[in-house]
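Subject: Structure for you to look at

Hi,

As promised, here is the structure for your next round of work. Have a look at it first, and then read on for what turned up.

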Amino acid sequence: MGLARMALGSGTRTLGLLCRPFRFVASRHPPTAAVFVRQISMEAQSVAARLNSSGLLRTQALIGGKWRDSYDGKTIKVHNPATGEVIANVPCMGGRETDDAIASAYNAFQSWSKLTAAERSKRLRKWYDLIVAHKEELGQLITLEQGKPLKEAIGEVSYGASFIEFFAEEAKRVYGDIIPSPLADRRIFVLKQPVGVVGAITPWNFPLAMITRKVGPALACGCTVVIKPSELTPLTALAAAELSLQAGIPPGAVNVVMGHASAIGDALLASPQVRKITFTGSTAVGKKLMAGAAGTVKKVSLELGGNAPCIIFDDADLDVAIKGTLATKFRNSGQTCVCANRIIVQEGIYDKFANALSNAVQRMQVGNGFHEDVSQGPLINEAAVQKVETFLQDAKSKGAKVLLGGKRHSLGMTFYEPTVITDVKSEMLISREEVFGPIAPLLRFKTEEEAIHIANDTNAGLAAYLFTTNMQRSWRVSEALEYGIVGINEGLISTEVAPFGGVKQSGLGREGSKYGMDEYLEIKYVCLGNLSGN
Ligand code: ADP
């Protein structure tokens, strides 16, 4: 038994890396990364030890309040994207385990939905308090399995926790209605009731916040959930689930399964007990889930891919525009669905903006997210880097010019140089689809009408940004943009109090805010007749 395993003690399964501290996936490592890897492993070990001492190091699935292995004992590996090392083995589950998780959620629904709103609110608030109390460890876990810089990861914990706090408060405000009846001896009431068991499928880029944004309102309304986190980042989901138990959210109300995504998805879709699917991820998978939900006519909300335009007008305040563009483009190394994907710049300010952006991007430090001053972590995996390379190659072959970066970073692994490219055209792949990486592609436009046309020339419609000091223009353009979210002179638009979601093929429904509750509620009309008693 290794030193690290002893340090962890028993009770929870150890992280893979602790038994094999320097084991890594050979193909991902250039030889020059060896010293770097060793250093990170030490960090990973101390993160693991801290997590373990707070009981947050969970590597089994959660079904009916019990920590479970897969029924056939199979596991999948979770990697640290900064080093490639295996940080844990988690169960590789499928339909059978998912069916049991659904059954547990269904049982728990019978009692959870009958608690008073005040009682549910109290337990959610406790869950919020616990997440905040463990902000540091959860942030470290996010950095470990997702790669984003620690400061950003801790920011995600605060953001993620804010949904639990907000919906703990909203739980008490699920108001119904009384409608004046057209007949004198009748009364018409409208009740709002929880939809039932919810299947929540989440991606890797926000391992905590994408879960709390769904589970917070679901539990607040009285629903119970089966969560399927991304297999790339399941540890944060499991830690959050552990805290939900500690908060007194009853066994079975929150279940977490992971493994074969399509088998788990199919089980959730097939079950008549699952009344709602909420999903954040790719448009392709979202379409499959929407089609699959038709069989049992489930409620569906989808938060899918974007292709965010970021329009810089000649009259923009340059400093504000640079700050906002950096924030929206390079957050999580460009790996969010609201990251600017096309920076559309008016011709009068184009060169000045390109140079200023390039200067600012050059100052950004790339590296392991645990290191001080790093603002750009690794991409999630090799496939993500290859996608970035393909998009850049396509753009260059069609005339785009690399102003800064444009290649893998010398650190190796999945690190990529923050990049700025100019002379980008709408027909290039990088303008048609989400690059999901640290490339800022600059397109050029002449008139406001042209900017709106370029911005709307996509099937996506999640977030859009514009930078201008002209108030009339900011309203005109905001109203013309076919997007669910518009940031004016602002690159960071996500907050728990505002509705987040897209139009067109970017999705259905809204998350966060008072509107986020509606996704988990059914409306029931109750007619009280024969009031006169005759
Ligand atoms: P990304 O490219 O961001 O990983 P995906 O849509 O592939 O986006 O993944 C988002 C989530 O959807 C992940 O949890 C993934 O495992 C899950 N997923 C992928 N395919 C399916 C499927 N067929 N059914 C259910 N969930 C799926």
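Let me start with the record: the unreviewed UniProt entry annotates residues 67–526 as "domain: Aldehyde dehydrogenase". Please keep in mind that this is a predicted model. Within residues 67–526, helix makes up 40% of the chain and strand 20%. The C-alpha atoms at the two ends of that stretch are 41 Å apart.

The domain assignment cuts the protein chain in its own way. Domain 1 is built from two segments, 42–304 and 512–519, while domain 2 runs over 308–489. Between the C-alpha centres of domain 1 and domain 2 the distance is 31 Å.

How do the two domains meet? On the domain 1 side, 22 residues are in contact with domain 2, and 22 residues of domain 2 take part in return. The size of an interface is often quoted as the accessible area that is lost when its parts come together. For domain 1 and domain 2 the buried area is about 1800 Å², with 62% of it on carbon and sulfur atoms.

What about specific interactions across that interface? The rule finds 0 salt bridges between domain 1 and domain 2. It does find 6 residue pairs in polar contact there, with both residues at pLDDT 80 or more. On the side of domain 1 that touches domain 2, at least two residues each come from helix H3 (34–53), helix H6 (135–146) and helix H7 (150–170). H6 gives the largest share of that side, 5 residues. By residue type, the domain 1 side splits into 10 nonpolar, 7 polar and 5 charged.

Salt bridges do turn up when the search is widened: the whole structure has 24 of them. One to call up in your viewer is the pair of Glu-382 and Arg-408, whose side chains meet with an N to O distance of 2.7 Å. Glu-382 sits in helix H14 (residues 382–397), and Arg-408 lies in the loop between strand E14 (401–404) and strand E15 (419–422). The two residues are 26 apart along the chain, so this pair links distant parts of it.

Happy to talk it through whenever suits you.

Best wishes

Technical notes. Residues are numbered from 1 along each chain as its sequence is written. This is a predicted model: local features need pLDDT of at least 70, side-chain atom pairs count only at pLDDT 80 or more; totals for chains, interfaces and linings use all residues. Side-chain values use heavy atoms; hydrogens and water are left out. Domain bounds come from an automatic or database domain assignment. Contact means heavy atoms within 4.5 Å. Buried area is the accessible area (1.4 Å probe) that two parts lose on being put together, summed over both. A salt bridge is a side-chain nitrogen of Lys or Arg within 4 Å of a carboxyl oxygen of Asp or Glu. A polar contact is a pair of N or O atoms within 3.5 Å; within protein, one must be able to donate a hydrogen and the other to accept it, and residues adjacent in sequence count only if both atoms are side-chain atoms. Helices (H or I, at least four residues) and strands (E, at least two) are DSSP runs, numbered from the N terminus. Ala, Val, Leu, Ile, Met, Phe, Trp, Tyr, Cys and Pro count as nonpolar, Asp, Glu, Lys and Arg as charged, and the others, Gly among them, as polar. UniProt positions are given in the numbering used here, feature names are shortened, and annotations may be inferred rather than shown by experiment.
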